[in-house]
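Hello,

Here is the structure I said I would pass on. Please look it over before you read my notes below.

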Amino acid sequence: MSRVILGKDIEQWMKDFPHLQQLMKTEPITWINDRKSNHEPIHLTIEEAEQRLRRFAPFLASVFPDTQANQGLIESPIQRVVLAEQEIEKQFGKNPGNLWLKCDHQLPISGSIKARGGIYEVLAHAEKLAFQHGMLRESDDYSILADESFRSFFSSHKIAVGSTGNLGLSIGVMGAALGFQVTVHMSADAKQWKKDLLRTRGVEVIEYTSDYSKAVEEGRKQAEADPTTHFVDDENSTTLFVGYATAAKRLAGQLAEQGIEVSAERPLHVYLPCGVGGGPGGVTYGLKQEFGEHVQCFFVEPTHSPCMVLGMMTGYHDRISVQDFGIDNQTIADGAAYLRYHDGRGFNAL
Ligand SMILES: *Cc1c(COP(=O)(O)O)cnc(C)c1O
């Protein structure tokens with residue numbers, strides 16, 4: 001093979017990064033980040049985001065009945081998954097410790113982690129517009145946002161997003177519920193039912209035959225040409241990121257409720273399904289603020305789309321792609337996040 005990537009031939013790449021051999025064969029690997037630092041380059045106020053979500057809770061409870069059980073907060077339960085523990089022990093010959101599932105597939109409104117960041121960004125944008133136009137104050141009961149006057153106001157504003165499915169679903173459903181004109185640029189792998197559902201809510205869905213990056217690029221381009229459009233940028237938005245980060249404090253509360261201590265003796269391992277957006281990064285950012293060095297986060301990717309590990313391991317981030325290395329980026333792997341908890345008897349890395 002004499003392929004050259006970024007001026008370096010493939011043999012040299014494999015020498016520099018031995019994991020690439022397996023990665024290119026779409027075999028599972030584990031890579032531990034040795035360049036991790038404890039410095040916090042960004043300072044986002046998660047507390048502000050939590051307060052914003054609390055302000056919106058009465059509105060959400062009135063418009064989305066599935067949030068009522070939690071008084072309008074969008075949250076999911078945690079659940080011990082004993083069968084998975086047994087299966088892992090059987091397959092790997094090691095007791096994985098107590099394994100819990102954070103059931104974000106059950107999150108109200110849109111059934112994925114995007115119900116955290118995506119919905120939060122739409123709410124933050126709506127609030128900003130309503131404040132600017134003197135229609136809303138922080139001290140108001142936000143259930144007034146369901147009134148026709150707000151719907152009519154938001155209907156002159158546009159929101160756009162590029163998505164493989166779940167982000168578009170979250171932005172589209174929430175944007176439409178407030179009255180926004182929403183355009184979702186969907187990549188080829190987006191499921192049909194998500195596009196159908198969005199269209200029934202009056203969302204414009206534009207379909208692409210290519211992958212996610214093309215859908216995002218198009219969406220961004222069209223939005224830039226129109227100053228009345230707010231583009232939700234999955235890869236760069238700090239608003240999305242901080243929305244995801246709010247998961248951490250709530251999780252800490254749920255762990256405490258179960259009597260689960262997180263400490264140096266009993267560290268928490270979190271396995272986060274990872275794509276290219278801000279989801280796992282935001283949650284990790286929040287968890288580090290909650291638990292510091294007592295939590296370790298592992299980003300889990302499909303073997304056919306290992307873009308994050310490729311970018312981080314090589315240090316080339318978005319300058320290289322899995323396709324450069326002959327990996328096909330074909331996957332239907334949706335996520336499931338696992339928490340592994342040390343039960344005092346010890347565990348080993350999987
Ligand atoms: C978005 C998403 C993730 C995380 O993906 P990122 O693109 O890294 O934010 C994981 N699982 C599911 C089901 C998702 O929708």
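What follows is a short account of the overall fold, the ligand site and two individual residues.

Please keep in mind throughout that this is a predicted model.

Overall fold

The protein has 350 residues, of which 48% count as buried. Its secondary structure comes to 13 helices and 11 strands. The radius of gyration is 21 Å, and the globule rule gives 20 Å for 350 residues; these are close, so the protein is as compact as a globular protein of that length. Along the principal axes, the C-alpha atoms fill a box of roughly 60 × 50 × 40 Å.

Ligand site

The ligand is surrounded by 12 residues. The closest of them are Lys 114, Asn 166, Gly 275, Gly 277 and Gly 279. Sorted by class, this shell holds 5 nonpolar, 6 polar and 1 charged residues.

Where does the ligand lie with respect to domain 1 and domain 2? Domain 1 is made of residues 13–30, 75–106 and 246–341, while domain 2 is made of 46–54 and 113–235. Both domains give residues to the shell around the ligand, so the ligand lies between them.

Three contacts to oxygen atoms of the ligand can be listed:

- Lys 114: a polar side-chain atom lies 2.6 Å from a ligand oxygen atom.
- Gly 275: a backbone N or O atom lies 2.7 Å from a ligand oxygen atom.
- Val 276: a backbone N or O atom lies 3.1 Å from a ligand oxygen atom.

Taken alone, the ligand exposes 380 Å², and the protein buries 86% of that area.

Two residues

Leu 272 belongs to strand β9, which covers residues 268–273. Is Leu 272 buried or exposed? Its relative accessible area is 5%, and a residue under 20% counts as buried, so Leu 272 is buried. Ala 248 is 24 residues away from Leu 272 along the chain, and the C-alpha atoms of the two are separated by 13 Å.

Ser 263 sits in the loop between helix α11 (247–257) and strand β9. With a relative accessibility of 11%, Ser 263 is under the same 20% cut-off and therefore counts as buried too. The side chain of Ser 263 is joined to the side chain of Glu 261 by a polar contact of 2.8 Å.

That is the end of my notes.

Regards

Definitions and conventions: Residues are numbered from 1 along each chain as its sequence is written. This is a predicted model: local features need pLDDT of at least 70, side-chain atom pairs count only at pLDDT 80 or more; totals for chains, interfaces and linings use all residues. Side-chain values use heavy atoms; hydrogens and water are left out. A residue is near a molecule or strand if one of its heavy atoms lies within 4 Å of it. A polar contact is a pair of N or O atoms within 3.5 Å; within protein, one must be able to donate a hydrogen and the other to accept it, and residues adjacent in sequence count only if both atoms are side-chain atoms. Accessible areas come from the Shrake-Rupley method with a 1.4 Å probe; for residues, only the protein chains shown count as cover. Ala, Val, Leu, Ile, Met, Phe, Trp, Tyr, Cys and Pro count as nonpolar, Asp, Glu, Lys and Arg as charged, and the others, Gly among them, as polar. Domain bounds come from an automatic or database domain assignment. Helices (H or I, at least four residues) and strands (E, at least two) are DSSP runs, numbered from the N terminus. The radius of gyration is taken over C-alpha atoms; the globule rule is 2.2 Å times the number of residues to the power 0.38. Buried means under 20% relative accessible area, exposed over 50%, partly exposed in between (1.4 Å probe, protein chains only).
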